[in-house]
Amino acid sequence: MKATVVQFDIQGPPDVMKHVEVNVPDPSSGQVMIEQTVLGLNFIDVYFRSGLYPLDLPSGVGAEAAGKVVAVGDDVTDFNIGDRVIYGGGPPGAYATYRNYPANKLIPIPDGVDDETAAAIIIKGITAEYLLLRCYPVKAGEDVLFHAAAGGVGQIAGQWGKHLGANMIGVAGGPEKCHMALDNGYAHCIDRKSENIVDRVEALTNGAGVPVVYDSVGKESFEDSINSLKPMGMFVSFGTTTGEPPAIAPSRLQKMGSLYITRPTLVDYMAARADMLNSANQVFDLLQKGVLSVNIGQRYGFDDIVQAHADLETGATKGSSIITF
């Protein structure tokens, strides 16, 4: 099978990515071949392309895609030709027209969910699930601070947190993004461009601080995050869009009230197939019940990959972004 894929020979800015033609072999044992219909755009794609995460080169890029099974390798029993599937995570290489992929890492797309919606929500949704339900189990009535509240993960987390009964406090950049957060489950949204985050958290929590902060921003938001926590609060660092947070001495955590810090990854929380399917099923269930909705803020063509990465990296995107063929 001939396929068009996006690859790069060196890591760097968006324009290192090029479209190339390759031969896709028949799927190996345990694999299926997917004719891909919609790709999801995620910041982890930027991490791999830019060099933040090391790779063997040349390399493909992309972590999320929906499509249809067109060939099945030996020892595959869960999927048949014609099945609609989605995946999120795994080795880079989703930016492709056809791809072989391990069957045990695939998720069936339920009837009633179209490919665009599946590709726009699955990584964001399962990320929100493990953050809010397993990494730090959010309880009804708790104050929760969530950075990048207008982003793809942020919007799903706002909706899910509200469903859990939490008082969701978002942080976003500018009035438009704050309004978007408020439309997606957040009771309050702090404009990081014009407001002091720590002061606003103090006012909103009557001086108590929050028990948990979810932070995908990294270096620029680190001090605001830990200074917004109450004693024995947890700082959840799940992304580094502005760079790695600074090192912190254990004694500082002690003096600030016995704080906790964790750096969870999707790979670890979805390593077991049962955990991955349970997470995805919860996302699709809440989606079909109307608890969750996905805002596709940007649609790019497959030829617009460089522009898509540039927009994502500069913060020009809102909600989820997808790439269509």
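Biologist: Helix H2 lies across several strands, so to speak; at about what angle does H2 run to S13?
Modeller: First, the vocabulary: helices (H or I, at least four residues) and strands (E, at least two) are DSSP runs, numbered from the N terminus. Axes are lines fitted to C-alpha atoms, for helices over the stretch in contact (heavy atoms within 4.5 Å), and angles run from 0 to 180 degrees between N-to-C directions. H2 lies across S9, S12, strand S13 (229-237) and S14, and its angle to S13 is about 150°.

Biologist: And what kind of model am I looking at?
Modeller: Residues are numbered from 1 along each chain as its sequence is written, and side-chain values use heavy atoms, with hydrogens and water left out. Local features need pLDDT of at least 70 and side-chain atom pairs count only at pLDDT 80 or more, while totals for chains, interfaces and linings use all residues, since this is a predicted model.

Biologist: What is the strand order of the open sheet of six strands?
Modeller: Two strands pair if DSSP finds at least two bridges between them. The pairing in this sheet is parallel, and S11 (188-191) and S14 (260-262) are the edge strands, each pairing on one side only. From one strand to the next the twist averages 15°. The order reads S11-S10-S9-S12-S13-S14.

Biologist: Which residue in S12 is the bridge partner of Val144?
Modeller: Strand S9 (residues 143-146) and strand S12 (residues 210-215) run parallel and share three bridges. In S12, Val144 is partnered by Val212.

Biologist: Back to H2: is Thr117 buried or exposed?
Modeller: Thr117 sits in H2 (residues 115-135). Leaving aside neighbours within four places in sequence, Thr117 touches Leu287 and Val294. The cut-offs are under 20% relative accessible area for buried, over 50% for exposed and partly exposed in between (1.4 Å probe, protein chains only). At 16%, Thr117 is buried.

Biologist: How many disulfides are there?
Modeller: A disulfide here is a pair of cysteine sulfur atoms within 2.5 Å. The sulfur of Cys178 has its closest cysteine sulfur in Cys189, 3.4 Å away, and that is too far for a bond. Both cysteines are tucked in, Cys178 being buried at 9% and Cys189 buried at 11%. The disulfide count is zero.

Biologist: Which residue's backbone nitrogen does the side chain of Gln298 reach?
Modeller: Gln298 belongs to strand S15 and is buried, at 14% relative accessibility. Its contacts beyond four places in sequence include Thr317 and Ser320. A polar contact is a pair of N or O atoms within 3.5 Å; within protein, one must be able to donate a hydrogen and the other to accept it, and residues adjacent in sequence count only if both atoms are side-chain atoms. At 2.9 Å, the side chain of Gln298 reaches the backbone nitrogen of Lys318.

Biologist: Which residue in S16 stands opposite Arg299?
Modeller: Strand S15 (residues 296-301) runs parallel to S16, joined by five bridges. On S16's antiparallel pairing with S3 (residues 31-41), there are four bridges, and Gly40 has Ile322 as its partner. S16 (residues 320-324) is mostly covered, with four of its five residues buried. Opposite Arg299 stands Ile322.
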